[in-house]
Amino acid sequence: MRLRHGSPVGKLVGGGALIALSLFMLLGFFSSSATLSFPVAVLTLVVAVGVPGVAGAALIRSYVRERDRFAEHREQLRLETFQAEIVKLAGARGGKLTVVELVSDLAFDAATAEAALHGLVTQGVADIEVTDSGLLVYTFPDVQRLPEKGASKDILDE
């Protein structure tokens with residue numbers, strides 16, 4: 001494994017090393033037989049123990065935040081991929097879909113299918129209709145109008 005400057009693993013290793021250095025310096029401070037005045041002792045503790053300890057903790061905190069952001073980004077990308085697959089399926093199904101169709105055709109679980117469809121409704125890509133029996137049908141108006149694209153004309157033409 002190669003460590004790059006600023007890499008997540010580098011931050012974790014560097015932070016751990018700085019905390020280990022801080023603890024080593026603290027052990028050395030208390031093992032020392034040197035007699036120091038109070039201000040010198042405090043300054044020595046701050047510089048030799050506090051600075052590396054705080055810097056190490058900050059690097060580890062940065063690593064944890066970056067890891068969490070990466071996980072959130074990965075989840076968002078997963079949802080966007082699901083939504084793209086849903087729009088493709090809607091095109092194949094005349095612009096109308098149900099949760100059951102997503103579960104059977106795309107192998108989504110029902111919760112994932114509903115969340116992805118809800119996201120598309122929120123974005124204005126899909127609308128919700130209800131059948132007489134209460135079945136929710138997600139419609140994709142732009143997908144339904146795709147056959148019209150061949151008859152398009154310049155917006156400045158009258």
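Does Leu-156 count as buried or exposed, and what is its relative accessibility? At 72% relative accessibility, Leu-156 counts as exposed, because the cut-off for that word is over 50%. Keep in mind as you look around that this is a predicted model.

## Out at the tail

To find Leu-156, go to the segment after α5 (141-144). Now pick out Val-40 as well. These two residues are 116 residues apart along the chain, and their C-alpha atoms are separated by 80 Å.

## Helix α1 and what covers it

Next, turn to helix α1, which runs over residues 8-31 and has 24 residues. From its first C-alpha to its last it reaches 35 Å, close to the 34 Å expected at 1.5 Å a residue.

Which residues of α1 are buried? They are Lys-11, Gly-15 and Ser-22. Part of what covers the buried residues of α1 is α2.

Ser-22 is a nice one to click on. This α1 residue has a relative accessible area of 7%, so it is buried, the cut-off being under 20%. What does Ser-22 touch, once you leave aside its neighbours within four places in sequence? The answer is Ala-48, Val-49, Pro-52 and Gly-53.

Lys-11 is another buried residue of α1, with a relative accessible area of 18%. It has a partner in helix α2: Lys-11 and Glu-66 form a salt bridge, and their closest N and O atoms are 2.9 Å apart. This pair links distant parts of the chain, with Lys-11 in helix α1 and Glu-66 in helix α2, 55 residues apart. Glu-66 itself is partly exposed, at a relative accessible area of 21%.

## Along helix α2

Helix α2 covers residues 38-92, and Leu-43 sits in it. Is Leu-43 buried or exposed? With a relative accessible area of 55%, Leu-43 is exposed, since that is over 50%. Leu-43 also has company: together with Phe-38, Val-42, Val-46, Val-47 and Val-51, it forms a nonpolar patch on the surface. The patch has about 590 Å² of accessible area in total.

Further along you can look for more salt bridges. How many are there by the rule used here? The count comes to eight. Here are three of them, with the distance between N and O for each.

| Salt bridge | N to O distance |
|---|---|
| Glu-66 and Lys-11 | 2.9 Å |
| Asp-68 and Arg-67 | 3.8 Å |
| Arg-78 and Glu-75 | 2.8 Å |

Take Arg-78 and Glu-75 from that table. Both lie in helix α2, three residues apart, which is about one turn of the helix. Arg-78 is partly exposed, with a relative accessible area of 37%, and Glu-75 is partly exposed too, at 42%.

Then there's the pair Asp-68 and Arg-67. Asp-68 counts as partly exposed at 37% relative accessibility, while Arg-67 is partly exposed with a relative accessible area of 44%.

Salt bridges can also join up into a network. Here, Arg-93, Glu-101 and Asp-105 are linked in that way.

## Rings that pair up

Now for the aromatic side chains. A pair of aromatic rings is described by the distance of the centres and the angle of the planes. How many aromatic pairs does a search of the whole structure find? It finds two.

One of them is made by Phe-29 and Phe-30, with 5.4 Å centre to centre and 75 degrees between the planes. This pair is edge-to-face, because the angle is over 60 degrees. Phe-30 is exposed, with a relative accessible area of 62%.

The other is made by Phe-82 and Phe-108, with 4.4 Å centre to centre and 45 degrees between the planes. It is described as tilted. Why does this pair tie together parts that are 26 residues apart in sequence? Because Phe-82 lies in helix α2, whereas Phe-108 lies in the loop between α3 (99-106) and α4 (110-122).

Are the two rings' residues buried or exposed? Phe-82 is buried, with a relative accessible area of 18%, and Phe-108 is buried, with a relative accessible area of 9%.

Methods
Residues are numbered from 1 along each chain as its sequence is written. This is a predicted model: local features need pLDDT of at least 70, side-chain atom pairs count only at pLDDT 80 or more; totals for chains, interfaces and linings use all residues. Side-chain values use heavy atoms; hydrogens and water are left out. Patches are made of residues with over 30% relative accessible area and no salt bridge: like charges are joined within 9 Å, nonpolar side chains (Val, Leu, Ile, Met, Phe, Trp, Tyr) within 5 Å. Accessible areas come from the Shrake-Rupley method with a 1.4 Å probe; for residues, only the protein chains shown count as cover. A salt bridge is a side-chain nitrogen of Lys or Arg within 4 Å of a carboxyl oxygen of Asp or Glu. Helices (H or I, at least four residues) and strands (E, at least two) are DSSP runs, numbered from the N terminus. Buried means under 20% relative accessible area, exposed over 50%, partly exposed in between (1.4 Å probe, protein chains only). The expected span of a helix is 1.5 Å times one less than its number of residues. Contact means heavy atoms within 4.5 Å. Rings of Phe, Tyr and Trp (its six-membered ring) pair if their centres lie within 6.5 Å; planes under 30 degrees apart count as stacked, over 60 as edge-to-face and the rest as tilted.
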